[in-house]
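Work through the exercises below with the structure open. Try each task before reading its solution.

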There are 2 protein chains.
Amino acid sequence: MGNQTIYFKNRPRIVATSTIAGPKECEGVIGRYVERALSDDMFGESTYEKAECKMLSTVIDGAIENGGLSRDEVDMLVSGDLLNQIISASFAARDFSVPFLGVYGACSTMAESLAVSAAFIDGGLCKNVVAATGSHFASAERQYRYPLELGCTRPPQAQWTVTGAGAALVSAAGDGIEISSATLGKVVDFGVTDVNNMGAAMAPAACDTILAHFRGTKEDPEAYDLIVTGDLGALGSRILKDLTWEKGLDISSRHVDCGEIVYNVIEDEFQGGSGAGCSAVVLNSYLWSKMMSGGLKRILFVATGALLSTVSSGQGESIPCIAHAVTLER
Amino acid sequence: MGNQTIYFKNRPRIVATSTIAGPKECEGVIGRYVERALSDDMFGESTYEKAECKMLSTVIDGAIENGGLSRDEVDMLVSGDLLNQIISASFAARDFSVPFLGVYGACSTMAESLAVSAAFIDGGLCKNVVAATGSHFASAERQYRYPLELGCTRPPQAQWTVTGAGAALVSAAGDGIEISSATLGKVVDFGVTDVNNMGAAMAPAACDTILAHFRGTKEDPEAYDLIVTGDLGALGSRILKDLTWEKGLDISSRHVDCGEIVYNVIEDEFQGGSGAGCSAVVLNSYLWSKMMSGGLKRILFVATGALLSTVSSGQGESIPCIAHAVTLER
C-alpha cells in the first residue's frame, strides 16, 4: 500500500475527557490535571482487577457526563486493556447499556480506540462514541511478570505500569479537539526478548509509524507542536530519537514521551511509566488541558504497544510491537 | 440510543474468503467446503499456539490470493482470537507488512471484524481490508479449562472448540457478498457461572442483539433466508429460540447455529462446536459457497462471544457475553 495514513474529512472531535490515577501517579506533573486522584489503589474493591475495571467504568461515566450527554445518547463504546480477554473493558461495558467494540492493542489502545471511534463517526455511522482504556500496576505485574508479594528486584531498564484510566468522548459535532488523521501501525519485531525492556522493544514500532506518517503526509516534524509517544520510557525514547535520526527524520525538538513525563524518573531506578493507562491519562488530562487552553495547537499522538503474552515469551518468541498515531488539532 | 443498527450506504462486499480446519472438523458437513483440510492439528509446528497462528496466517494469505490481490494492495488487517493478548492475530500480523487493528470479541470476532472492516471501507478510508479469526481446540482447552494431558471428563453441556480459521477480503468494489448493515451488541450477563456451559451464557446476548436488529430495521425474520448464530451449540440454540419467542419474535423457521452444524452432534456427548474459528470457518466456507451460488440470498450472521477469563471466573464473576450481527446479501 502506498499511504498508511487515513484522513477524516468530517473531523470527528474529542469534546470531553475524564481521567483517574493512583497515588504514585498523582505525585508527578499530571497530578494537577487528573480529574480524580485515588488515595488508595484498591479503589474500595477486593482485587486489583476489580479496581482496574472500576477505574475504567468511572472515566467512561465521567466522559459522558463531562460531555453533557446521557448514557443513551452514546452510540458505541470502544475499549480494551492489558488483562487477559480484556476483562476490565468487557466488565466495565456490562455496566453500560451501550454497543461495545472490544479492541486489543496493549499500550497502544488509546490511539487505536480513538482511530476506530473517529472512523465510525467520520463515515456517519455514529454520532457519539466513547474511547477508553486503563491499566493497573498490580494487575499487570501479576499477569505479565511476578506477583508483588514475591518482592522481585526490578532491573533498571524496567518501566512502571501506570495505575490509571482515561476516556474521551468523540463526537460528530461540538467544541473540542479535532482528529484529522490516523496512521495505523504495522506489527514490527526487532527481536527483543527481554520482557523488562519494553521501551527498547517498542521504539522500532514507533519509528516505523512515525516515518510512515511523515512519508504519507509529506509534512515536517515542525508542523506539530509535539510528537507524543505513549510509553517508551527514558531509554526507549532515546532509542526512538536515534532510529528516526538514522532514517533522516529529526524529531528531537518536538518529541516527548508520556512514560517519561508521568513520573519523576530516576533512570537508575526505572525508566518511567508504561501501560495502556499511561498515555490514556496523560492525553486526557494534561495534553487535553494544554490543547483546550490554546497552549498546544497540533500534536501527533503515537501510542505504542508490546503484543507479547507470557505464553509467547515462554515459547521463546520475541516481542512483536505496534504503534498507532492520530493527529489532534485545536 | 434509539437504533443499534448501522447501515453501510456504499455496501462494502466480501470478494474472497479462505478457510482451514482440523481433521475432526473436516469429518462434518463443512469438510467439502473448507479450502484446506489439515491431516494433523499441529500443522507442522512445535506448539498448539504456533499451529493456531499458522492457520491464521494461511487464511489471511489465502483470502488475499483468492481475491487476486498482492499483500501491498491490502490497506488493513482486522483480526483477533481467543488467546491471551490475541497472540495468534498479533504474531500472524507480524508476517504481513500491513496496518493491523487488533480486536477482541472472543467467539464474536468474525462478526466484529467484518463490521469494523465494513465501517472503514464504507467511509472511504480503506479499499481492501482482511477480516480474520481462528481458534484451536488444544490451545483453548489449555488456557480456559484444563490441559488435555489431564484427561478431564467433559460434561454433556460442554462444547468443542473448533480447530480452524477463516478470513474474508472485504473490498469497496467487486463481485461478492454485500455487507449492508451491522448491529453491534451490548454486553449482556444473565449470571451464568458454569464455564462449561457457554451456550446458555451466550444465548441471552444473541437474543438481545437479534431483538435490537429487528426492532431497528422493522423487518421480519422471513426477510432472511437464514439467521445464523455463531456457536451457541444445541442447548444454547434451544434457549435462544425460547428467549426470542417469549419476546414475541419467532425465528425458529430461519435459525441455524454454526456450532450445531459444524460437527455431527450427539447431545449426550457434547453440544457442538465453539470458538472464534467455528463461525469463521462455517461463514467463509459453507455459507460463502451457498451465497455465491445463489442458494442463499440474504442472511443475518450473528456471532456470539463469552467475555470471561480464568481470572474473572476465579474471582467469582459470572460470564458477560456479547453478540454482533451483520447482514449479508447477494
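Two residues are in contact if their C-beta atoms, placed from the backbone, lie within 7 Å. This is a predicted model: local features need pLDDT of at least 70, side-chain atom pairs count only at pLDDT 80 or more, and totals for chains, interfaces and linings use all residues. Residues are numbered from 1 along each chain as its sequence is written, while chains are lettered from A and ligands numbered from 1 in the order in which they are written.

**Exercise 1. The chain interface**

Task: Determine how many residues of chain B are in contact with chain A, and which elements of chain B supply them.

Solution. Start with the count: 51 residues of chain B are in contact with 50 residues of chain A. Next, assign elements. Helices (H or I, at least four residues) and strands (E, at least two) are DSSP runs, numbered from the N terminus. Five elements of chain B each supply at least two residues to the side that touches chain A: S4 (76-81), H3 (87-94), S5 (100-102), H4 (109-122) and H10 (310-314). Then sort that side by residue type: 28 nonpolar, 14 polar and nine charged. Here Ala, Val, Leu, Ile, Met, Phe, Trp, Tyr, Cys and Pro count as nonpolar, Asp, Glu, Lys and Arg as charged, and the others, Gly among them, as polar.

**Exercise 2. The symmetry**

Task: Find what rotation superposes chain B on chain A.

Solution. Superpose the copies by least squares on the C-alpha atoms of residues with pLDDT of at least 70 in both. The rotation is 180°, with 0.0 Å of shift along its axis and an RMSD of 0.0 Å. That is the relation of a two-fold axis. Now check the surfaces. The same surface serves both copies, since 98% of the contact residues of chain B recur in chain A.

**Exercise 3. The fold of chain A**

Task: Count the helices and strands of chain A, then compare its radius of gyration with the globule rule.

Solution. Chain A has ten helices and 14 strands. Its radius of gyration, taken over C-alpha atoms, is 18 Å. The globule rule (2.2 Å times the number of residues to the power 0.38) gives 20 Å for 330 residues, so chain A is as compact as a globular protein of that length. Of the 330 residues, 64% count as buried. The cut-offs are 20 or more other C-beta atoms within 10 Å for buried, 12 or fewer for exposed, and partly exposed in between; C-beta atoms are placed from the backbone.

**Exercise 4. The two domains**

Task: Identify which element gives the most to the side of domain 1 of chain A that touches domain 2 of chain A.

Solution. Take the bounds, which come from an automatic or database domain assignment: domain 1 is 5-171 and domain 2 is 177-329 in chain A. In chain A, 53 residues of domain 1 are in contact with 59 residues of domain 2. H4(A) gives the most to the domain 1 side, with seven residues. That side divides into 28 nonpolar, 17 polar and eight charged residues.

**Exercise 5. Two loop residues**

Task: Decide whether B:Phe43 is buried or exposed.

Solution. B:Phe43 lies in the loop between S3 (36-37) and H2 (48-66) of chain B. Its phi is near 50°, a positive value in a residue other than glycine. B:Phe43 has 20 other C-beta atoms within 10 Å, so this residue is buried. Now take B:Arg11, in the loop between S1 (5-7) and S2 (13-21) of chain B. B:Arg11 also has a positive phi, about 45°. With 17 C-beta neighbours inside 10 Å, B:Arg11 counts as partly exposed.
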